[in-house]
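Dear colleague,

I am handing over the structure that we spoke about, and it is placed just below. My notes on it follow, for you to read alongside the model.

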Amino acid sequence: MQEPAAARDADLRASDAERDRVADILREALAEGRLTADEHAERVEGVLNAKTVGELEVFIRDLPAAHGRRAAPGYAPAPNRPTDALPHDPDDNVVAVFSSAVRKGRWRAGRRIHAYAVFGTVDIDLSEAIFEYQQVVIKAISVFGNVEVRVPENVSLRGTGGGVLGNFEVDTVDSDDPEAPVVYVDGWAVLGNVEGRPKRGKLVADILDRVQRKVDKGLRKHLDR
């Protein structure tokens, strides 16, 4: 009797791409609360040590995503323009004239940020920023310069602008979380460059932050009893 195809596939050596696929499923399960932080860490370690496809499937066989049962998204795409009333004046000016200017690390992002690069480079990294508002507008003007905006994977991103002998390129990204911040990059690139991209891998840090907040909340409830 011929061995079933599924059984044969389970014996195949696992590739890095297959490990990444399983790790993504585990990451989503952690974000959805299907796995605890300890369970997630234990399974990820197993995924890294797995040799075959069958060994990988063991770590996700009790999760809906492994069986193709993904719930339909319960959110609407982020609006293309801000719907909140935003101030006309910027909360933060980032200016580089024949120089470079950087905003990165753990900083508080205001509702409006203006970035000007004139024969210079501006780097605005929101991947570890504290979002106090759901909608953030970044006005980016580049003249013979470069403005780069980086956001976490789990926020929405929109861009409105253009280039005059330059490049204006902002990825359109929709978050699965309806309460996630939305970052709008508006502006122009004149003989320069304006880019907006998600920074891959920063979603993991956000998940860990949420897990820690849940742990802290649980501890507070326990202490209040």
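The chain exposes about 13,400 Å² of surface, of which carbon and sulfur atoms supply 51%. Please bear in mind that this is a predicted model, and that every value in this email was computed from it. Of the 225 residues in the chain, 37% count as buried, and its secondary structure comprises 5 helices and 12 strands. Among the contacts with a separation of 6 or more, 67% are between residues that lie 24 or more positions apart.

The sheet

Five of the strands form an open sheet with parallel pairing, in the order β2-β5-β8-β12-β10. Its edge strands are β2 (100-103) and β10 (167-170), each of which pairs on one side only, and neighbouring strands of the sheet are turned by 10° against each other on average, if direction is ignored. As a general point, strands of a sheet pair through backbone hydrogen bonds, in either a parallel or an antiparallel manner. Within this sheet, strand β5 (residues 121-125) runs parallel to strand β8 (residues 146-152), and 5 bridges join the two; if you would like to find the pairing on screen, D123 has E148 in β8 as its bridge partner.

Helix α3

Helix α3 covers residues 37-49, and for its 13 residues a rise of 1.5 Å a residue gives an expected span of 18 Å, which agrees with the 19 Å between its end C-alpha atoms. The buried residues of α3 are H40, R43, G46 and V47; seen down the helix axis they fall within an arc of 130°, so they line one face of the helix. These buried residues pack against α2 (16-31) and α4 (53-58), whereas the face of α3 turned away from the buried side carries the exposed residues D38, E42, E45, L48 and N49.

The loop after α3

Between α3 and α4 there is a loop, and T52 lies in it. Is T52 buried or exposed? Its relative accessibility is 16%, and because the cut-off for a buried residue is under 20%, T52 counts as buried. Leaving aside residues up to four places away in sequence, T52 touches A10, D11, L12, R13 and A14. T52 and E18 are 34 residues apart in sequence, while their C-alpha atoms are 9.8 Å apart in space.

With best wishes

Technical notes
Residues are numbered from 1 along each chain as its sequence is written. This is a predicted model: local features need pLDDT of at least 70, side-chain atom pairs count only at pLDDT 80 or more; totals for chains, interfaces and linings use all residues. Side-chain values use heavy atoms; hydrogens and water are left out. Helices (H or I, at least four residues) and strands (E, at least two) are DSSP runs, numbered from the N terminus. The expected span of a helix is 1.5 Å times one less than its number of residues. Buried means under 20% relative accessible area, exposed over 50%, partly exposed in between (1.4 Å probe, protein chains only). The arc is that of the directions from the helix axis to the C-beta atoms. Contact means heavy atoms within 4.5 Å. Two strands pair if DSSP finds at least two bridges between them. Axes are lines fitted to C-alpha atoms, for helices over the stretch in contact, and angles run from 0 to 180 degrees between N-to-C directions. Accessible areas come from the Shrake-Rupley method with a 1.4 Å probe; for residues, only the protein chains shown count as cover.
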